[in-house]
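Trainee: Please take a close look at the disulfide in this model. Once that part is clear, carry on to the other pairings and contacts that can be listed beside it.

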Amino acid sequence: MKEKRGCKTRSFVFLFFLHSTLLLFFGERALAELRYSIPEEMATGTVVGNVAKDLGLDRSSLSDRRFRVVTGATDAYFEVNADNGDLQVRRKIDREELCQGSGACSIELKVLVENPLEVHYVVVEITDVNDHSPIFSQKKQLFEIAEHSSPGTRFQLHAARDPDAGINSVRTYTLTSNEHFELDIVQSDDEKIPFLVLKRSLDREQKNKHFLIVTAVDGGKPIKSGTLNVSIIVLDINDNRPMFSQDTYNVEIYENVPSGTIVARVNATDPDEGTNGEIEYSLSKTLASKVSDIFEMDRLSGQIKLKGPVNYEESEIYKIEIEASDKGTPPLTSRCRVVVKIKDVNDNPPIIEVTSFSNKVSEDSKPGTVISLISVMDKDSGVNGKIILHITNNVPFELKPSYKENTYSVVTKGLLDREEVSHYEITIKATDCGDPPLSSFRTFDIELSDVNDNSPRFEQSLLNFYLIENNIAGASVFSLKATDNDVDENAVIQYKIARAEKDKPVSSFMNINSENGDVTALKSFDFERLKSFQFQVVATDGGSPPLSSNVTVKVFILDQNDNVPVILYPVSSNGSAQGVEEIPRNIKAGDLVTKVRAYDADIGYNGWLLYSLQRVSDHSLFSLDRYTGQIRTLRSLTETDEAEHRLLVLVKDNGNVSLSATATVTVKLVEPKEAFAASDVKSVATMDEEDNVTFYLMITLGSVSLLFIISIVVLIAMQCSKSTEYTSKYLQETNYDGTLCHSIQYRSGDKRYMLVGPRMSIGSTIVPGSHANTLVLPDRRHTSGEVR
């Protein structure tokens, strides 16, 4: 039957679209649209239409032009035959599965040919076939109808469903013939809903059950249908309702009672007999789900039990609707109300809320400055909700109550100092007045912000530094460091030289790095010209306003061995010191021949001179005192001794790198008479020379004496300005060959120094960097337990 219907449909479609196809063929051929219509369930391979012909395409070139259907579906419903141009069904089409509705159902295809490229659109409409019967969701439906039900009572029946569309869907319902019931069909949107209507009262004594068949019929050809078996049970009359002993039951419970506790018990009675008098209790179905989660009902005993926890803070009262239903047919129901009041217990700790909070407080804040506003609350009521608030730890903050209850402000109660404590942790404890009381805590972190209230500070008010002469100009010689207890910009320190001694502009030869305090010497110092100087350095922080402090810096120039010994006698001429001494041959052993005189502008070891013979014609005849420069005879002269002897004397200092000079002394041996005559002539000739030497010696002695007096004055002033506490250092005596030539003592800071010759005393210490010519002497003002 489907095969024949499909053939007829194809013939009709062909004639229907022939005219439009001719118009497309003789009109515009590119981008044409064809429409076909076929019924669903057509067999695979069924020809829908000849697309090539309808589009006016040359069938012989279809293969070369790659004639094909383009679709995005993975399993297409149609395909084209590239040999003859027919559009064929590729697989069976179920309209209900494809469109799932009663509206129009169509499939749009793209037909593509190339060389030249042409795209044509083909729309295939799928028409419905009556291939489904109406079906009820259930095969049976049961109604229990009381015998006193009045005529006109309606009972909704199950509706049938038919997947087909249009006329093929459900058209009407029919009911088996009977005297008590009839059908009423109501149209709702596109669906027909059947109702069973009571047209005549029932009599259970005559017939207690009725069986009916409802048939759903569609509009297809041939007609298809489905049936529903309806069973009706006639019930006895239940004309008495259960009656509660009270309309309202009032009970009170504490909020901490455990689950399973019996809250109340209701009681209802029914005068009916049998099942019509048997009562079941239940919670009303109109109750909120929250109440149903908390309470449960025993259906037989009428006991109301606690199923979940109750919370006074969430609800102080619960109103429970109770239903009592008998087991009559139909059952009758009555209602009562149970009012459950919840009594509060202290089960909620106080809650501390921060209204506003400043976690940074300036250290110069005045007492009473507000840093935070807080409020406290307790969900409990009465005494359980009264709160006591206080700060638990010892901090310079306190709580001030507000005009509004349970509102407080945290304020400073004393002066703050960030340099002592920069961070505070405030713990607030809130306790209610319940029994037992409950508490909660809240902790705040307070950071103190810095203000510039601390000046830069040097460790000492007077700093002594020692600088070796001949330093490299432009090099850093020492560094100053000041500290500031403030932070950030308030602790950023700048250094500068404040002022210098009169007539000595220190800034011309000393410079300080303003950022790190490194002091640079702008020139090379000469100990022989400048022994010491002092200046002030000011350290200023970066606060607003800035704070500053100063320190006095005293610089001592330490001597270096940079001066060569100068020969005073014999007198130098043409760059060399040479002298002639005449001695009689009858001179005795140990007699003084002459004395080499020299001096060194350096001091200490650097100025301590030693004399030695470098060359001598007869080692057995002359000796040289290494400390005084005196040349003496070792023995008496003989007739065989040569008449002239040359002595080369080397004079060197005791610096780490020794500097030296030489003198040549020529000793001539003469007869005694000649010696006396020569000595008289020589005394006259050398008087002028000795006068010159004496003049130089007087100048030197005067300079040394003046320097000594100045040093004594400076040392006395320093001694008076310093503490009487001194320390001494002791090292093992160093063995030097030589005797003490001269010494100069002075004091610097808490130490006493002595510039000495080669042989030192026990109890002295070599000062590092002084070339071992400066001693630290033990303090004689310590207790008697020290070495004296």
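Mentor: The link of C99 and C105 is right-handed, with 70 degrees about the S-S bond. This is a predicted model, and the values below are computed from its atoms. The S to S distance between C99 and C105 is 1.7 Å, which falls within the 2.5 Å cut-off for a disulfide. The structure holds 1 disulfide. In general terms, such a link is a covalent bond between the sulfur atoms of two cysteines.

The two ends of the link are not equally accessible: C99 has a relative accessible area of 27% and is partly exposed, while C105 is at 0% and counts as buried. The cut-off for buried is under 20%, so C105 at 0% is placed in that class. Two further cysteines can be set beside this pair. C336 is buried, at 2% relative accessibility, whereas C433 is partly exposed, with a relative accessible area of 35%.

Next come the pairings between charged side chains. Side chains of opposite charge can pair when their charged atoms come close. The structure holds 19 salt bridges. One of them is between E191 and R161, with 2.4 Å from N to O. E191 belongs to strand β14 (residues 191-198) and R161 to strand β11 (residues 160-161), so this pair ties together parts that are 30 residues apart in sequence. Both ends are partly exposed: E191 has a relative accessible area of 25%, and R161 has one of 49%.

A salt bridge also forms between K327 and E278, whose closest N and O atoms are 3.3 Å apart. Here the partners sit in loops: K327 in the one between β24 (317-326) and β25 (333-343), E278 in the one between β20 (268-269) and β21 (279-283), so parts 49 residues apart in sequence are tied together. K327 is partly exposed at 35%, and E278 is partly exposed at 37%. This pair is part of a wider set, since E278, E280, R299 and K327 are linked in a network of salt bridges.

The salt bridge of R418 and E419 has an N to O distance of 3.1 Å. R418 counts as buried at 11% relative accessibility, while E419 is partly exposed at 23%.

Backbone pairing can be followed in an open sheet of 4 strands, whose order is β9-β16-β15-β12 and whose pairing is mixed. The edges are β9 (140-146) and β12 (170-175); each has a single partner strand, so one side of each has no neighbour in the sheet. On average, and with direction ignored, neighbouring strands of this sheet are turned by 25 degrees against each other. β9 and β16 (residues 225-235) run parallel and are joined by 7 bridges. Within that pairing, L142 has S231 in β16 as its bridge partner.

The last site is a loop residue. N471 lies between β34 (462-468) and β35 (476-479), in the loop. N471 has a relative accessible area of 10% and is buried. Apart from neighbours within four places in sequence, N471 is in contact with V477, A521, K523, S524 and F525.

Conventions
Residues are numbered from 1 along each chain as its sequence is written. This is a predicted model: local features need pLDDT of at least 70, side-chain atom pairs count only at pLDDT 80 or more; totals for chains, interfaces and linings use all residues. Side-chain values use heavy atoms; hydrogens and water are left out. Buried means under 20% relative accessible area, exposed over 50%, partly exposed in between (1.4 Å probe, protein chains only). Helices (H or I, at least four residues) and strands (E, at least two) are DSSP runs, numbered from the N terminus. Contact means heavy atoms within 4.5 Å. Two strands pair if DSSP finds at least two bridges between them. Axes are lines fitted to C-alpha atoms, for helices over the stretch in contact, and angles run from 0 to 180 degrees between N-to-C directions. A salt bridge is a side-chain nitrogen of Lys or Arg within 4 Å of a carboxyl oxygen of Asp or Glu.
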